[in-house]
Amino acid sequence: MGSRRRAPRRCGTRQQRVPFSWIEARYGLAVRLESLIRRLGVATRPPRDVWERGLAQEVAWWEAWIDGDGRRWPEVYRERLDPTAALAEPVLAECIEAISSTRVSILDVGAGPCTSLGKTYPGKQLEITPVDPLAEEYNRLWARKGIAPPVPTRACRGEELRARFGSGRFDIAYARNALDHTADPALVIRNMVGVVRCGGFVVLRHSANEAVKADYRGLHQWNFSIRGADLVIRRLRRTVNVSELLRGEVSEHCDLLRDEQGEWIIAVFVKRSGRASPSHGATEPPA
Ligand SMILES: C[S@@+](CC[C@H](N)C(=O)[O-])C[C@H]1O[C@@H](n2cnc3c(N)ncnc32)[C@H](O)[C@@H]1O
């Protein structure tokens with residue numbers, strides 16, 4: 001009996017790609033399923049709960065950054081540790097120019113392990129107060145490395161700013177890529193308005209729709225965007241129009257800026273005088 005010989009396998013791309021695309025398809029499905037489960041978790045859990053669960057991931061990210069001398073961003077690392085670095089945030093520079101006094105006090109909310117703000121500005125004396133709820137963990141990481149940042153970060157959640165600093169204490173309150181990481185960004189912004197003096201500035205710089213971009217991983221649970229002329233913050237199943245919330249209390253200017261790092265939502269609020277600050281109860285239901 002003559003055996004039927006199989007036709008030799010072709011080494012073409014098709015035969016090699018079949019099992020690969022099968023694995024790829026299953027992997028893609030697993031990733032999509034994981035993402036769906038994560039988003040469901042964020043949608044159904046109280047923001048404070050999501051926040052607490054995400055803290056360890058945030059510390060791990062910054063631990064790798066400190067231990068790796070800034071990893072892919074060594075120049076950022078060096079600049080942040082340089083006590084002579086010039087303040088390079090253009091939005092803040094405009095505010096500083098508008099302040100007549102030589103001393104300018106700036107609160108940096110959610111500053112991370114070391115503030116992103118340069119420490120010097122021509123003709124001004126900057127007094128920077130960086131705060132972050134993870135400050136103790138960050139400072140432990142610095143101590144382990146034997147480094148002391150020029151302006152150490154102090155422990156404080158943005159939701160507790162008023163209780164900690166009182167009213168009218170700063171010329172400027174600033175937050176960069178931090179409020180999208182908080183449990184209650186609307187409360188933090190109201191607190192920032194509370195802690196600046198009348199005529200003082202609240203400056204927010206956030207990457208547009210960061211929670212979506214990060215697929216709601218870690219602390220990312222809020223998206224900053226601009227609707228019409230209003231600053232709007234969205235989470236799964238919740239939207240806060242910040243401009244409406246602060247109407248009458250501040251004058252504001254919101255902008256979408258694009259640069260090589262992507263899209264930035266910039267909001268500048270100027271606190272109006274002669275009006276009492278609102279009550280600063282939590283805007284989220286308790287966890
Ligand atoms: C992506 S980092 C940004 C750090 C720094 N602003 C920067 O631009 O490099 C976000 C920071 O927000 C902080 N954060 C998280 N929850 C916060 C809260 N409730 N109040 C203030 N900061 C918070 C995190 O601990 C983290 O250090």
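**Asking "how do you know?" about this model**

Me: Which of the 20 residues around the ligand come nearest?
Reply: Gly110, Gly112, Gly158, Ala178 and Thr182 do. Keep in mind that this is a predicted model.

Me: What makes a residue count as one of those around the ligand?
Reply: Its C-beta atom, placed from the backbone, has to lie within 6 Å of the ligand. The shell that comes out of this divides into 8 nonpolar, 7 polar and 5 charged residues.

Me: Why does Gly110 go with the polar ones?
Reply: Because Gly is put in the polar class by definition. Ala178 is on the nonpolar list, so that one goes the other way.

Me: OK, helices next. At what angle do α2 and α5 pack?
Reply: Helix α2 (residues 47-67) and helix α5 (residues 135-145) pack at about 25°, and their axes are 10 Å apart. That makes α2 roughly parallel to α5, because angles under 35 degrees get that label.

Me: And which hand does the crossing have, left or right?
Reply: α2 passes α5 in a right-handed crossing. That hand goes with the near helix being turned clockwise from the far one, by less than a right angle.

Me: Which residues meet where α2 packs on α5?
Reply: From α2, you get Val59, Trp62, Glu63 and Ile66, and they meet Glu137, Tyr138, Leu141, Trp142 and Lys145 in α5. The contact of α2 with α5 divides into 6 nonpolar, no polar and 3 charged residues.

Me: How do you know which ones are charged?
Reply: Just check the names: Glu and Lys are on the charged list, so Glu63, Glu137 and Lys145 belong there.

Me: Now the sheet of 7 strands. What is its order?
Reply: It runs β3-β2-β1-β4-β5-β10-β9, it is open, and the pairing is mixed.

Me: What makes β3 and β9 edge strands?
Reply: β3 (154-155) and β9 (250-259) each have a single partner strand, so one side of each is left without a neighbour in the sheet.

Me: How do you know that β5 and β10 really pair?
Reply: The cut-off is at least two bridges, and strand β5 (residues 196-207) shares 7 with strand β10 (residues 262-271), in the antiparallel sense. You can look for Phe201 opposite Val270, and for Ser207, whose bridge partner is Trp264.

Me: How many bridges do β9 and β10 have?
Reply: They have 10, and the sense is antiparallel. Two spots to find are Val250 opposite Lys271 and Glu252 opposite Phe269. A hairpin of 2 residues joins the two strands.

Me: Which helix lies across β5?
Reply: That's α7 (residues 185-195), which lies across β1 (103-109), β4 (170-176), β5, β9 and β10 and runs at about 145° to β5.

Me: What about the sheet of 3 strands: why are β6 and β8 at the edges?
Reply: The order is β6-β7-β8, open and antiparallel. β6 (223-227) and β8 (238-241) have a single partner strand each, so each has one side without a neighbour in the sheet. Neighbouring strands here are turned by 30° against each other on average, direction ignored.

Me: How do you know that β7 pairs with β8?
Reply: It's the cut-off of at least two bridges again: strand β7 (residues 230-235) is joined to β8 by 4, running antiparallel. Arg234 stands opposite Thr239 in β8.

Technical notes: Residues numbered from 1 in each chain as written. Predicted model: local features only at pLDDT ≥ 70, side-chain atom pairs only at ≥ 80, totals over all residues. Axes fitted to C-alpha atoms, helices over the stretch in contact; angles between N-to-C directions. Parallel < 35°, antiparallel > 145°, perpendicular 65-115°, else oblique. Contact = placed C-beta atoms within 7 Å.
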